[in-house]
Amino acid sequence: MKVLVVGGGGREHALVRKIKESKKVDEIFCTPGNGGISYDAKCFDVAATDIDGVVNLAKEIKADLVVVAPDDPLVAGMVDALNEAGFKTFGPRANAAIIEGSKVFSKELMQKYNIPTAEYKVFDNAENAIEYIKERNEFPTVIKADGLALGKGVIIAENLDDAIAGVKEIMEDKIFGASGNNIVVEEFLTGPEVSVLAFTDGKCVKPMVSSMDHKRALDGDKGLNTGGMGTVSPNPYYTDEVAKECMDKIFMPTIDAMNKEGRTFKGCLYFGLMITPKGPKVIEYNCRFGDPETQVVLPRLKTDIVDIFESIDNETLSELDVEWSDDACACVIMASGGYPKSYPKGIEITGLTNGQLDGVTVYHAGTKLENGKLVTAGGRVLGVTALGDTLENALKKSYEAVEKIHFDGAHYRHDIGKRALEAFK
């Protein structure tokens with residue numbers, strides 16, 4: 001088989017390397033890919049959001065399967081266009097990808113079908129939103145842009161001044177563009193967070209192993225929100241009991257709700273959950289593999305991923321036994337100095353051979369090859385990932401490897417997995 005992966009970050013690198021393990025695959029292509037991915041797949045210079053360009057590329061290379069990984073092209077209808085051109089794909093069609101594409105849609109879906117989530121209200125003007133926040137007078141409060149915002153469209157306001165500033169930034173200053181035309185104001189939930197990715201063919205749901213993300217830029221969960229500074233799997237708070245409750249009250253009801261709305265979801269559905277004192281609740285849905293959760297979940301997958309993709313396409317997922325390793329996995333993100341604000345690019349990365357390092361897997365997120373040298377090309381640069389018989393050992397391996405990789409201004413957290421280790425004790 002020839003497989004084309006659309007996207008160019010750490011998640012796509014994890015997908016490429018897992019697809020590479022499949023006995024069914026002869027050639028892997030990726031667009032646009034990145035410096036590290038180019039060691040594992042043939043990369044093309046077609047943007048991940050260029051629907052016509054990707055369809056033409058799929059025709060040119062005669063792809064047998066196209067895996068669309070990022071949210072933007074999914075929400076914009078890339079899978080629909082590929083299907084119409086006769087290609088087998090992995091990823092939801094646009095009418096199902098709206099579950100991530102619109103926070104307003106997803107909140108209203110949960111309300112309509114009694115899926116547990118935070119209390120909320122939707123606003124289309126700043127004045128009414130601020131009035132409501134003043135009346136409620138409960139802090140922290142959560143303010144979300146309706147549309148896609150690179151995973152950064154959420155403001156947690158600690159007081160009224162922060163909340164007013166947040167509403168104005170999103171709705172009046174348009175820091176997220178048209179994604180902020182509508183906002184959701186919701187209650188702040190407390191409890192441990194859990195990320196669960198799930199394979200689904202629209203009928204059956206097969207959750208993957210759980211993971212824990214670390215969103216804040218600095219140690220001790222301080223600093224600005226980021227796309228994720230590291231992940232571990234499994235998540236100690238996702239017990240068998242919690243998993244069963246999630247399946248009964250969240251996972252299957254979500255799939256059923258989407259079917260009832262005529263928006264059958266096929267692909268990977270990401271559940272961002274909060275284990276509150278009143279049980280698990282949905283913080284958000286994503287219509288695709290999470291980043292950097294994928295980087296710790298896929299290394300634990302034992303089943304051929306292409307078999308899974310094909311069973312989802314054929315709607316026979318219930319017949320496939322999806323197996324996982326008992327190993328723990330840890331991923332430490334090495335980011336550019338200044339991330340998530342402005343940061344330099346084009347800084348040489350040393351310590352890697354052909355993009356990798358013995359004993360770990362280095363997933364490339366923001367790198368490119370320039371004159372044979374690997375240089376930084378993004379905010380999150382590398383995801384240094386290791387498996388271990390215990391989470392402690394996996395983290396030890398990851399951090400030892402981080403010490404061997406260098407680029408000027410490299411920034412990473414020193415406490416990835418600390419909370420999980422404490423909870424396991």
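**View 1. What comes right after helix 11: Glu315 and its positive phi.**
Glu315 follows helix 11 and has a positive phi, near 60°. Keep in mind that this is a predicted model. The helix itself covers residues 305-314, so to speak the stretch just before Glu315.

**View 2. The start of helix 11, with Asp304 and Val306.**
Here we look at the other end of the helix. A side-chain oxygen of Asp304 comes to within 2.8 Å of the backbone nitrogen of Val306. Val306 is also one of the buried residues of helix 11.

**View 3. Helix 11 and what packs around it.**
Helix 11 is mostly covered, with seven of its ten residues buried. The buried set is Ile305, Val306, Ile308, Phe309, Glu310, Ser311 and Ile312. Look for Glu310 and Ser311 in there, sitting on the buried list along with Phe309. What do these buried residues pack against? Their partners are helix 1 (10-20) plus four strands: strand 4 (65-68), strand 5 (89-90), strand 10 (193-200) and strand 16 (267-276).

**View 4. An open sheet of four strands.**
Now for a sheet. Reading across it, the strands come in the order 6-9-7-8, and their pairing is antiparallel. Which strands sit at the edges? Strand 6 (120-123) and strand 8 (154-157) do, each pairing on one side only. From one strand to the next, the twist averages 20°. As background, strands of a sheet pair through backbone hydrogen bonds, either parallel or antiparallel.

**View 5. Strand 6 meets strand 9.**
Zooming in on one pair, strand 9 (residues 183-187) runs antiparallel to strand 6, and four bridges link them. To get your bearings, find Tyr120: it stands opposite Glu186 in strand 9.

**View 6. Helix 7 lying across the sheet strands.**
Helix 7 spans residues 126-136 and lies across strand 6, strand 7 (141-145) and strand 9. Relative to strand 9, helix 7 runs at about 5°.

**View 7. Stepping back to the whole protein.**
All told, there are 13 helices and 22 strands. The C-alpha atoms fill a box of roughly 60 × 45 × 45 Å along the principal axes. The radius of gyration is 21 Å, which agrees with a compact globule, because one of 425 residues would have a value near 22 Å. Buried residues make up 57% of the chain's 425. Among contacts with a separation of 6 or more, 68% join residues 24 or more positions apart. The accessible surface comes to about 17,600 Å², and carbon and sulfur atoms account for 46% of that.

Definitions and conventions:
Residues are numbered from 1 along each chain as its sequence is written. This is a predicted model: local features need pLDDT of at least 70, side-chain atom pairs count only at pLDDT 80 or more; totals for chains, interfaces and linings use all residues. Side-chain values use heavy atoms; hydrogens and water are left out. Two strands pair if DSSP finds at least two bridges between them. Helices (H or I, at least four residues) and strands (E, at least two) are DSSP runs, numbered from the N terminus. Axes are lines fitted to C-alpha atoms, for helices over the stretch in contact, and angles run from 0 to 180 degrees between N-to-C directions. Contact means heavy atoms within 4.5 Å. The radius of gyration is taken over C-alpha atoms; the globule rule is 2.2 Å times the number of residues to the power 0.38. Buried means under 20% relative accessible area, exposed over 50%, partly exposed in between (1.4 Å probe, protein chains only). Accessible areas come from the Shrake-Rupley method with a 1.4 Å probe; for residues, only the protein chains shown count as cover. A polar contact is a pair of N or O atoms within 3.5 Å; within protein, one must be able to donate a hydrogen and the other to accept it, and residues adjacent in sequence count only if both atoms are side-chain atoms.
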